[in-house]
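Dear colleague,

Please find below the structure that I am handing over to you. My findings follow it, arranged by region.

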Amino acid sequence: MSDKVKYLPQAATPDADVPVWRTEDAGRWRKAAVPAVFGPVFGAWVLALTVSVALVLPGWSDPQAPDRGTSWAGYPAAVLLVGVPLWYRTIPAATALATPVLAGYTLFELAGLPASDAPGRVGSWLVVALCGAAFTGAVLRLRARRTQYALALAAAGSFPKNCPGATTAAA
């Protein structure tokens, strides 16, 4: 074991007293978080699995159904669908914007599917359900983020004048 004491450089030490979080403040901040089921990691994995199933189901169409050829109109929706788990994990605001558009497009396309295309209908309803869950989780995460930010500012108290967060605390 070393006897050496390590000191922080002068530039790394604050000029004024640093506010300390009390245990109650940390508990309130923790309680403001979203449930684990809507968390970024677990939610993104569930969405990725659901997207995989939703992409496979429309491929199981009725063999008597006429071949439609390449559907270029469906590519933007497919890109949105594939992007939802990644956006849910990293950018919940993009998820909150993309999922209503994707759900609306899917419902529009669902109306045109033949009744004999049961896997396609199931896949479409799965996409609508996926969009609803992703939208709900993204909005809850955005709300929790805003609440936790306000709790952190309140727990920090008044900032010293030279602190970078001093302008946001006064606002």
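How many helices and strands are there in the protein? The model, which is a predicted one, has six helices and zero strands. Along the sequence the pattern is accordingly α-α-α-α-α-α.

**Overall figures**

The protein has 171 residues, of which 26% count as buried. Its accessible surface comes to about 11,800 Å², and carbon and sulfur atoms account for 67% of that area. Among contacts with a separation of 6 or more, 74% are between residues 24 or more positions apart.

**Salt bridges**

A search of the whole structure gives three salt bridges. In one of them, the side chains of R22 and E24 meet with an N to O distance of 3.2 Å. R22 also forms a salt bridge with D25, at 3.6 Å from N to O. The remaining pair is R28 and D25, whose closest N and O atoms are 2.4 Å apart. Both R28 and D25 belong to helix α1, which covers residues 23-31, and they are three residues apart, about one turn of the helix. Through shared partners, the salt bridges join R22, E24, D25 and R28 into one network.

Which members of this network are buried, and which are partly exposed? D25 counts as buried, at 7% relative accessibility. E24 is partly exposed, with a relative accessible area of 46%, and R28 is likewise partly exposed, at 42%.

**R141 and G137 in helix α5**

R141 is found in helix α5, which spans residues 118-156. This arginine deserves a separate note: R141 is buried yet has no salt bridge. How far away is the nearest side chain of opposite charge? That side chain is D25, and it is 23 Å away from R141. Because a salt bridge requires the nitrogen and oxygen atoms to lie within 4 Å, D25 cannot serve as a salt-bridge partner for R141 at that distance. Leaving out residues up to four places away in sequence, R141 touches V34, F38, P40, Y88, R89 and P92.

G137 is also placed in helix α5. With a relative accessible area of 0%, G137 is buried. Apart from its neighbours within four places in sequence, G137 is in contact with F38 and Y88, two residues that R141 touches as well. The C-alpha atoms of G137 and V34 are separated by 8.3 Å, although these residues are 103 apart along the chain.

**The nonpolar core**

The largest nonpolar core holds 14 residues, and those touching the most other members are L47, L81, V84, L102, V127, L130 and C131. Which elements give two or more residues to this core? They are α2, α3 (75-90), α4 (92-111) and α5.

C131, one of the core residues just named, touches T99, L102 and A103 when residues up to four places away in sequence are not counted. A103 lies in helix α4 and counts as buried, at 15% relative accessibility. With the sequence neighbours within four places left aside, A103 is in contact with V128 and C131. Between A103 and L81, which are 22 residues apart along the chain, the C-alpha separation is 9.6 Å.

S124 is another residue of helix α5. Its relative accessible area is 12%, so S124 is buried. Leaving aside neighbours within four places in sequence, the contacts of S124 are T106, L110 and L113.

**A nonpolar patch on the surface**

Which residues make the nonpolar surface patch of about 260 Å²? The patch is made by V37, F42 and V46. V37 is found in the loop between α1 and α2, the latter covering residues 40-56. At 49% relative accessibility, V37 counts as partly exposed.

**Points to keep in view**

For your own inspection of the model, I would single out two items. One is the network of R22, E24, D25 and R28, joined by salt bridges that share partners. The other is R141, which is buried and has no salt bridge.

With kind regards

Terms used: Residues numbered from 1 in each chain as written. Predicted model: local features only at pLDDT ≥ 70, side-chain atom pairs only at ≥ 80, totals over all residues. Heavy atoms only, no water. Helix = DSSP H or I, 4+ residues; strand = E, 2+ residues; numbered from the N terminus. Buried < 20%, exposed > 50% of the residue type's maximum accessible area, 1.4 Å probe, protein only. Contact = heavy atoms within 4.5 Å. Areas by Shrake-Rupley, 256 points an atom, 1.4 Å probe, with all protein chains shown as cover. Lys, Arg positive; Asp, Glu negative; His and termini not counted. Patch = residues over 30% accessible without salt bridge, like charges linked within 9 Å, V, L, I, M, F, W, Y side chains within 5 Å. Core = buried A, V, L, I, M, F, W, Y, C linked by side-chain atoms within 4.5 Å.
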